[in-house]
Amino acid sequence: MSNGEKVIRPWLIYSIKMDVVFCFSCRLFPNPKNKTSFTDGFNDWKHLSERIKSHDSSIYHKKSNQQWLELSWRIDSGFTLDNELQKEIQTEKDRWRTVLKRIIACIIYLARQNDAFRGKNCTIYTKSNGKFLKLIEMIASFDNPMAEHLRNIKNKEIHQHYLGPRIQTELIHLIGSKIRTEIVTRIKKAKYYTIMLDGTPDASHKEQLTLIIRIVQINKTSNNVKVSVDEYFINFLHITLKTGLGLFDVLKQELSNLGICLSNCRGQGYDNGANMVGHKQGVQARILNENPRALFLPCCAHSLNLLLGDMANCIPQVMTFFGVIQRLYTLFSASTERWEILKKYLKCLTLKPLSETRWECRLESVKAVKMQLKEINEALVEVSESTKIPAIKSEAISLAEHEMSYEFVLSLKEFFIKNRENGFNEAKEEAIHICKQIDIIPQFKPKRKSLKKKMFSYESSPIPCSSNEEESFVNNFFLPILDQGIVSINQRFTQLDNFHNYFGFLFDIGNLSTVDSDTLLKSCQDLQILLQIGENMDISGAELYDELCLLSEIIEKGTSPLQVLQKILGNSVGNIYSNVAIALRIMLTLPVTTATAERSFSKLKLIKNYLRTTLDQEKTTNLAIISIEHEIVDEMDFDDIIDTFADLKSRKINF
């Protein structure tokens, strides 16, 4: 203005698509006798300033602006002509929102409990109409809005009741999408994350790959800071190629769809499948080619289980031993009569089958036989005498004779030894003691003496094999098992040793005051090199060393890394330990096991069991994420879901 003051022109609006300016009030209340250029759009930029001034001072513009302001005031104060109609519309909106909140609550309840939704029909107040409609009917017994809604449906006063399976699927999708969006937001906020993958076929015979992301989450409030290590289920990915390249392409595409940057990945956790952990063509190798800071850490549980599996399959004698254990279970479990005979003799532990994936199942199988040899033998004798089936009689007699031998009893004790030096002697003493209790002669069965084959043009005379059965047992059974265990430990735990070499000093951060300064400085520099690509590095080794030296003076001995991280982030001067905070966040992000991925597959199996009417991949994944992520579901706002539901279907009048 002429006096230097500035007045905002709220009526002036610009259209990006049409590249013109409009007068909002004149376009809303046009004058048919005097239609200005600002009504249809003005783009004469050279004369824009002059035309704006002339239009601003015109009487027609002032009248339309006055009408606009009056309408705005009437809408705000509720004095418009359609005020009563607006009240009815708002009442209808509130009613539908109330009904939808209850429908969403039922969907979340059934999804979290892994219960089926649909029954044999989709009609209210009928038999076998499913758990979802029965829940709705139960709520209507105590809730007036839902009772009125069902009454309108029953009287056919409304046709859009939103209780059908299509709406259920749509709401499941919206809830799952909202949870996944919240998870992705937390991942981006945490920055550093770890990928965990595991695969298995589902009920529809499709190979499913579960994606879990692990982060260190920092929640800051006005009073304190809460630091937690969280693992979030993201998706079930359908894969067609189980090769390292096929799995990597699916994973990379999924991260791209979620908007998660692969360069922020600092860890990988898989089981020990060749297509996952291969050094050249595996998933971990392909990710390392794109992001060398994505450290691979094999699942500790799988590594130990596979180590023991290697020991159990290293020699034929061990395989035969476990074969006998499995045969015992198969013989008795194949018939209810034979199982009753077994239960009559066994009072504490029952026979258990072997498992190819879990070593503890094998241990329980061996323990049940080890502690009840006499009882099992008596059961075998009774089975052989009572059965009239030749194959069963022969099997029972064969097992009874094979089981009741000194070699078998000694083999049972072998799997409970504690050390290599005295392990065999201890096992031998216990085996002799057991043999005396059940009237078994504690000696090996004599074997036919054989000569080693004499090869062509072999000059030396043939050397007879060892005539000492005990020495042969030690050399062919006891020592190979231990040697295989040592070899497997060196092979399968090398990566864990490397990880400990780089991050070991941070695991023991509560005792840094006892660490030599030169050793600590070298560890910090090695960690800097590990987390560096060219000029881009996560931490500075020298600064990390200085911060740790200062930190070691104020933290108590035995403090865990998570407690240290929470302490320095919760302190107002915690920014001076920025390198320590980053190093601890990365270390805590790295996985220990893939147990979360294994548990998510148990959810998949439960969901697939009751989704017999559909094998929809998207619905299955959304049900799983609702079932698994309880914390986010509890914090979820139903109003956002209802608004999204209304926007997608253009139902704004109803909601």
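This report walks through the overall make-up, a surface patch and the aromatic side chains of a predicted model.

## Overall make-up

The protein has 655 residues, and 44% of them are buried. Its secondary structure comprises 29 helices and 9 strands.

The accessible surface is about 36,600 Å². Carbon and sulfur atoms hold 53% of that surface. Contacts can also be sorted by distance along the sequence. Among contacts with a separation of 6 or more, 68% join residues 24 or more positions apart.

## A nonpolar patch

Five side chains build a nonpolar patch on the surface: Ile-13, Phe-24, Leu-28, Leu-71 and Ile-75. The patch covers about 390 Å². Two elements each give two or more residues to this patch. They are α1 (24–28) and α4 (59–77).

Leu-28 is one of the patch residues. Its place is in helix α1. Is Leu-28 buried, partly exposed or exposed? Its relative accessibility is 40%, so Leu-28 counts as partly exposed. The limits behind that call are under 20% for buried and over 50% for exposed.

## Aromatic pairs

The protein holds 12 aromatic pairs. One of them joins Tyr-329 and Trp-339. The ring centres of Tyr-329 and Trp-339 lie 6.2 Å apart, and the planes meet at 85°. Planes over 60 degrees apart count as edge-to-face, so this pair of Tyr-329 and Trp-339 is edge-to-face.

Which helices does the pair tie together? Tyr-329 sits in helix α13, which spans residues 316–333. Trp-339 sits in helix α14, which spans residues 336–345. The pair therefore links parts that are 10 residues apart in sequence. Tyr-329 is partly exposed, because its relative accessibility is 22%. Trp-339 is also partly exposed, with a relative accessible area of 22%.

## An aromatic cluster

Elsewhere, aromatic residues gather as a group. Trp-11, Phe-38 and Phe-42 form one aromatic cluster.

## Charges over rings

Which ring does the charged end of Arg-95 sit over? The ring belongs to Trp-96, and the charged end of Arg-95 is 4.8 Å from its centre. The two residues carry the numbers 95 and 96.

Lys-154 provides another case of a charge over a ring. Its charged end sits over the ring of Tyr-125, 5.3 Å from the ring centre.

Conventions: Residues numbered from 1 in each chain as written. Predicted model: local features only at pLDDT ≥ 70, side-chain atom pairs only at ≥ 80, totals over all residues. Heavy atoms only, no water. Patch = residues over 30% accessible without salt bridge, like charges linked within 9 Å, V, L, I, M, F, W, Y side chains within 5 Å. Areas by Shrake-Rupley, 256 points an atom, 1.4 Å probe, with all protein chains shown as cover. Salt bridge = Lys/Arg side-chain N within 4 Å of Asp/Glu carboxyl O. Helix = DSSP H or I, 4+ residues; strand = E, 2+ residues; numbered from the N terminus. Buried < 20%, exposed > 50% of the residue type's maximum accessible area, 1.4 Å probe, protein only. Contact = heavy atoms within 4.5 Å. Phe/Tyr/Trp six-rings, centres within 6.5 Å; stacked < 30°, edge-to-face > 60°. Lys NZ or Arg CZ within 6 Å of the ring centre and 35° of its normal.
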